[in-house]
Amino acid sequence: VVLISVHEDGRWPYSGRLNQPQAPNVRNFPVPRGFCDSELRFLMHEPILAIASRVRPEAIVITAGADCLQGDPLSSMALSNQAFWEAVMQACTFAPLQVVLGGGGYNPWTTARAWAGLWARLAGFEIPAGLPQSAIDILMPMTCDLVDDDERQPFWTSTLADPANPGHVRDEVKKLAAAASIAA
């Protein structure tokens, strides 16, 4: 069993900091605040793909925590759900058998849309440009004491896919990739 965890540094699971010793079968990627789509793609294409290629797992279990999404009140990560879906879909290619679980996510709009889109992608459905009125009718009246009304984004109730959030791959993320290569 090999565990790969991409999580915000200093937050759940409160383990796997870069300077902590790691078990040989654990690869933690404690990412910095503001972790963006480009940085997730970098980690997936650089160290994580290399680890999966070396291990060649027979099966994988993915916990798709939606708290990594921009707009989550308990996280400072800034991923779009499109990058989230892409990473899970790529991870599913690492083994012939996959189990994908939902996890985390404290913004009901971003979480519901992330999981609905993920299950659609896993089932081979296209992501529609806009949501049907029945979905809008469910999302519009929702409330959350962790998300203020002025923080709500209009696209959270009108589309399934977030706008992409690309950015520069920061040195902290490159160091995580390099550390994973050395640990291998």
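S38 is found in helix 1, the element that covers residues 37-55, and in this predicted model the residue makes a useful starting point for a walk through the chain. The relative accessibility of S38 is 18%, and because buried means under 20% relative accessible area, S38 counts as buried. When the neighbours within four places in sequence are left aside, the residues in contact with S38 are N165, P166, G167 and V169, so that, with contact meaning heavy atoms within 4.5 Å, this position of helix 1 is joined to a stretch of much higher residue numbers.

From this one residue the view can be widened to the chain as a whole. Among contacts between residues at least 6 apart in sequence, 73% join residues that are at least 24 apart, and the contacts of S38 with N165, P166, G167 and V169 may be read against that background. The secondary structure consists of 5 helices and 4 strands, and their order along the sequence is β-β-α-β-α-β-α-α-α; the pattern thus opens with two strands and closes with three helices in succession.

The overall dimensions come next. For 184 residues a compact globule would have a radius of gyration near 16 Å, and the protein chain, with 17 Å, agrees with that expectation. Along the principal axes, the C-alpha trace spans about 50 × 35 × 25 Å. Of the 184 residues, 41% count as buried, while the area that the chain exposes is about 10000 Å², of which carbon and sulfur atoms supply 58%. As to charge, the side chains include 13 positive and 19 negative ones, and the centres of these two sets lie 9 Å apart.

The cysteines deserve a separate look, since the structure holds 0 disulfides. C92 is in no disulfide, and the cysteine sulfur nearest to C92, that of C68, is 15 Å away; because a disulfide is a pair of cysteine sulfur atoms within 2.5 Å, that distance leaves C92 unpaired. With a relative accessibility of 12%, C92 counts as buried. C144 is likewise in no disulfide, the nearest cysteine sulfur again being that of C68, here at 16 Å, and C144, at 18% relative accessibility, also counts as buried. The buried class of this chain, 41% of its residues, therefore includes S38, C92 and C144.

Terms used. Residues are numbered from 1 along each chain as its sequence is written. This is a predicted model: local features need pLDDT of at least 70, side-chain atom pairs count only at pLDDT 80 or more; totals for chains, interfaces and linings use all residues. Side-chain values use heavy atoms; hydrogens and water are left out. The radius of gyration is taken over C-alpha atoms; the globule rule is 2.2 Å times the number of residues to the power 0.38. Buried means under 20% relative accessible area, exposed over 50%, partly exposed in between (1.4 Å probe, protein chains only). Accessible areas come from the Shrake-Rupley method with a 1.4 Å probe; for residues, only the protein chains shown count as cover. Lys and Arg count as positive and Asp and Glu as negative; His and the chain ends are not counted. The place of a charge is taken as NZ of Lys, CZ of Arg, CG of Asp or CD of Glu.
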